[in-house]
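Here is my note on the structure you sent round. The points are numbered for ease of reply.

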Amino acid sequence: MEDDDELQKPNGLPVETLDMIAQKKHAAMLERLSNNHQSRLQQSAARRTAADFSSPSFESVQSFLSLFSDAKRSVEADLHRCRAIAAADPNAKSQIKLELDKVSASISDLEKIVSEHSYFLPPYEVRSSLKTIEELKEMVESANAEIAPRKKFTFKSKASSKKEPAALAKESEQFITVSNAASQNISLLDSPGFRNKQGEILIKRFRVSESEGDFSIVDLDSCDVYLKGRFRALFIHRLRNCRIFTGPVLGSILIEDVNNCLFMLASHQIRIHQARECDFYLRVRSRPIIEDCRGLRFAPYRLLYEGIDKDLSDSGLEEETRNWANVDDFRWLRAVQSPNWCLIPEEEFVDVRNISELEEKSGDT
């Protein structure tokens, strides 16, 4: 009896039974810990998946599409209102003109939205948005012709004689209508410029009074062109074996039909058509657009002259956005890199070009 008493605890259970109970409790605790760990892993994975769908880039694209869609509907509603005013009172031409000017300004704002968001948008969305803007502009021009015809309709804001860079950028919508410019010849824009030159050095300095003007470079062969100072828009057409160096352009640059040229340009928007074997050194706020091009190379802007830092700042181009490396090829729809353009290797960069000492040559401006 004494031995039996020694093998029992005060609660009357044998030692072996207590050990089994303790082992079972320990095993159950380990299982609970394992289950809790697996549950935490699953919850963490679920949170990561949700975060992917709410990432900044995803939200930004969706935000842009929503903003663009709302702005488009607003423009369409404004056009409908203009037509309603014309139907109710055919003599209200002054009021209709004001309304149409507001609509065209809204379209310019919409174009600016596309420009500011193009750096993260998929190429398809950029193309679709630009196409929509062109259609809206055609609708405005059609409404203008029907309701309040006038000699020439533009998308220019005349509210103030002194315009900020962003406002001036809005006015340069001509680069969108590239096919029309080609059929009518850019020289018909009747802007100052260099035309029909061969083997010459052409230099112009833009003064403050000229900063809101356009400039054209047309039909040049084997010429060097230097444009110092800032101006509103630049049109380049039919160049062969030329080198073009320009200060900041407040709005847009349109380039068409150029072969074997070098360009050093700064602008808010740049569109290039039918270019072959050309190098571009750019500072640009939005992504450059190319179409029907081959053999293009891109690198950062490398131009200097006295006062260029202030000109860039006054034009809203003081920041290096690296958009020179983000080129949209509208003729290349595949997900892989377009074969029509590439970046210039750093070891092949041309030297920084300082044109401070160059004196103006008037040409035919």
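What share of the 365 residues in the protein is buried?

1. Overall make-up. This is a predicted model. Buried residues account for 42% of the 365 residues in the protein. The secondary structure consists of 8 helices and 14 strands. Of the contacts with a separation of 6 or more, 51% are between residues 24 or more positions apart. The accessible surface is about 20100 Å², and carbon and sulfur atoms hold 50% of that area.

2. Confidence. The average pLDDT is 76, and 65% of the residues score at least 70. Residues 1-7 have a pLDDT below 50, and the model gives this stretch 2 contacts beyond near neighbours in sequence. Residues 44-58 stay under 50 as well. For residues 44-58 the model has 3 contacts beyond four places in sequence.

3. The largest nonpolar core. This core has 37 residues. Those with the most contacts inside it are Ile217, Leu234, Leu239, Phe263, Ile272 and Leu296. Two or more residues each come from β3 (214-221), β4 (224-228), β5 (233-240), β6, β7, β8 (279-284) and β10. Another core, of 23 residues, lies apart from it; among its members are Ala92, Ile96, Leu110 and Phe330.

4. Phe263. Which residues does Phe263 touch, leaving aside those up to four places away in sequence? The list includes Ile236, Leu239, Ile244, Ile255 and Val258. It also includes Cys278, Asp279, Phe280 and Tyr281. Leu239 appears, like Phe263, among the residues with the most contacts inside the largest core.

5. Ala299. This residue is found in strand β10 (residues 296-300). Is Ala299 buried or exposed? Ala299 counts as buried because its relative accessibility is 0%, and the cut-off for buried is under 20% relative accessible area. Its C-alpha atom is separated by 4.7 Å from that of Tyr281, which is 18 residues apart from Ala299 along the chain. Beyond four places in sequence, Ala299 touches Phe280, Tyr281 and Leu282. Trp324, Ile344 and Phe349 are also touched by Ala299.

6. Cysteines. How many disulfides does a search of the whole structure find? The search finds 0. Cys293 is in no disulfide, and the nearest cysteine sulfur, that of Cys278, is 8.3 Å away. A disulfide requires two cysteine sulfur atoms within 2.5 Å, so a separation of 8.3 Å does not qualify. Cys293 is buried, with a relative accessible area of 7%. Cys82 also counts as buried, at 1% relative accessibility.

7. Positive phi at Asn260. Asn260 is not a glycine, although its phi is positive, at about 55°. Asn260 is found in the loop between β6 (243-259) and β7 (262-276). With a relative accessible area of 48%, Asn260 is partly exposed, because that class runs between 20% and 50%.

8. Positive phi at Asp292. Where does Asp292 lie? Asp292 is in the loop between β9 (289-291) and β10. The phi of Asp292 is near 55°, which is a positive value in a residue other than glycine. Asp292 is partly exposed, with a relative accessible area of 31%.

Technical notes. Residues numbered from 1 in each chain as written. Predicted model: local features only at pLDDT ≥ 70, side-chain atom pairs only at ≥ 80, totals over all residues. Heavy atoms only, no water. Helix = DSSP H or I, 4+ residues; strand = E, 2+ residues; numbered from the N terminus. Buried < 20%, exposed > 50% of the residue type's maximum accessible area, 1.4 Å probe, protein only. Contact = heavy atoms within 4.5 Å. Areas by Shrake-Rupley, 256 points an atom, 1.4 Å probe, with all protein chains shown as cover. pLDDT = per-residue confidence, 0-100. Core = buried A, V, L, I, M, F, W, Y, C linked by side-chain atoms within 4.5 Å.
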